[in-house]
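Morning, everyone. Please bring the model up on the screen and we'll get going.

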Amino acid sequence: MLSRLVLVSGHILKNSGSFGACLVQASRSFHQSSQSRAPVPPLPEKGGKVRHGIFPEELFTLLYPKTGVTGPYMLGTGLLLYMLSKEIYVINHETFAAASIGVVIIYGVKKFGPSVAAFSGIVSADKFDVAQEVKDQAMASLAQGIEDEKKEQWRVEGRCMLFDAKRNNVAMLLETNYRERLHMVTNEVKKRLDYQVELQNLHRRMEQEHMVNWVEQSVIKSITPQQVQGIWSLH
Amino acid sequence: MADKPGMVEWDMHMALAQKRLMDVKLGQLSSWLGTRDFTPNGLLGSVRGGYERYFNKYINVKKGGIGGVAMFLAGYVALSYIWEYDHIKHDRWRKYH
């Protein structure tokens, strides 16, 4: 699947480096049975050493203590001659085809290898830059998120002062309302009492006037005509 | 006691199971093979492990060479030759070797 994709494209490009990396990261987390939260180690710089393109260096290292430097080559020659002589490897038309193809492949690799490697190095460097930029942006936005969260926490601390101020406001409103109503009550009661006082004053005045009138009337009535004559004769 | 020798054998069994093939001595090879897991799941796991080791060593690197792919293709060529050998046998130049 993914690996074959990488291999096929790796056949074309010499460096199948980090553009497979993101695919591999995904496949790594699928294949490991225990998920560890440690950061993924960076890709190694160079792969395992291979001599002549197809023989891993481990073979040479294995045989070096016993047979020295030429050991593996002797082994290879011996095996080849054995296979040829016993015709375990049969020379037929396919051998010629394989030889031609091998020559072409080796010539191609030797000639175009470095340029393809340089090109794929540029491609993978671009991809690496893009990935790095994404990572940097993500980190920046997360750091910004942390800053905002801290700011919100600082704001929450000021909540107590806010509530105190609000509580003071409400108390003041209640107080004002209470005093207003007190004033109103006082005014109304005073008005009613003033009314009663005026009413009593009115009563007394009316009684007084009535009495005065009555007394006048009775005095005037009691002035007889002879008294009137008496007063006129005085003149 | 009765299970004391059993415990010792079990420890040796476990120690052998942890070793890699290259560290196993020749005499212990058969017992080492006994510790390996030959269930289908186990075989699948060992195939996957081998593939991952090869992939991470030769292909999943920053500057890979021709070696990773070339070894794979050479192995494929060799394997297909072995599978076709019964047919290629008829192209042999001599009857007796």
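I'll take confidence, then chain B, then the interface, then one residue in chain A.

Keep in mind that this is a predicted model. The predictor gives the complex an ipTM of 0.73. The pTM is 0.56. For chain B, the mean pLDDT is 83. In that chain, 95% of residues reach 70 or more.

Where in chain B is confidence lowest, and where is it highest? The low end is helix α1 of chain B, residues 4–18, with a mean of 74. The high end is helix α4 of chain B, residues 67–88, at 91.

Now the fold of chain B. There are four helices and zero strands. Along the sequence, chain B reads α-α-α-α. Chain B has 97 residues, and 21% of them count as buried.

On to the interface. How many residues of each chain are in contact with the other? On chain A, 34 residues; on chain B, 30. Between chain A and chain B, about 3,000 Å² is buried. Carbon and sulfur atoms give 58% of that area.

Next, the polar side of the interface. Between chain A and chain B, the rule finds one salt bridge. The partners are A:E58 and B:K57, whose side chains meet at 2.6 Å, N to O. The rule also finds 11 residue pairs in polar contact across the interface, both residues at pLDDT 80 or more.

Which helices of chain A each supply at least two residues of the side that touches chain B? They are α1 (2–12), α2 (21–31) and α5 (93–157) of chain A. The largest share of that side comes from α1(A), with five residues. By class, the side of chain A that touches chain B has 13 nonpolar, 12 polar and nine charged residues.

Last stop, A:T95. This residue is in helix α5 of chain A. Is A:T95 buried or exposed? A:T95 has a relative accessible area of 18%, and the cut-off for buried is under 20%, so A:T95 is buried.

What does A:T95 touch, once neighbours within four places in sequence are left aside? A:T95 is in contact with A:Y89 and A:V90. With A:Y89 there is also a polar contact between the side chains, at 3.5 Å.

To recap the interface: one salt bridge, 11 residue pairs in polar contact, and about 3,000 Å² buried between chain A and chain B. That's my set. Over to you.

Key
Residues are numbered from 1 along each chain as its sequence is written. Chains are lettered from A and ligands numbered from 1 in the order in which they are written. Side-chain values use heavy atoms; hydrogens and water are left out. pLDDT is the predictor's confidence in each residue, from 0 to 100. Contact means heavy atoms within 4.5 Å. Buried area is the accessible area (1.4 Å probe) that two parts lose on being put together, summed over both. A salt bridge is a side-chain nitrogen of Lys or Arg within 4 Å of a carboxyl oxygen of Asp or Glu. A polar contact is a pair of N or O atoms within 3.5 Å; within protein, one must be able to donate a hydrogen and the other to accept it, and residues adjacent in sequence count only if both atoms are side-chain atoms. Ala, Val, Leu, Ile, Met, Phe, Trp, Tyr, Cys and Pro count as nonpolar, Asp, Glu, Lys and Arg as charged, and the others, Gly among them, as polar. Buried means under 20% relative accessible area, exposed over 50%, partly exposed in between (1.4 Å probe, protein chains only).
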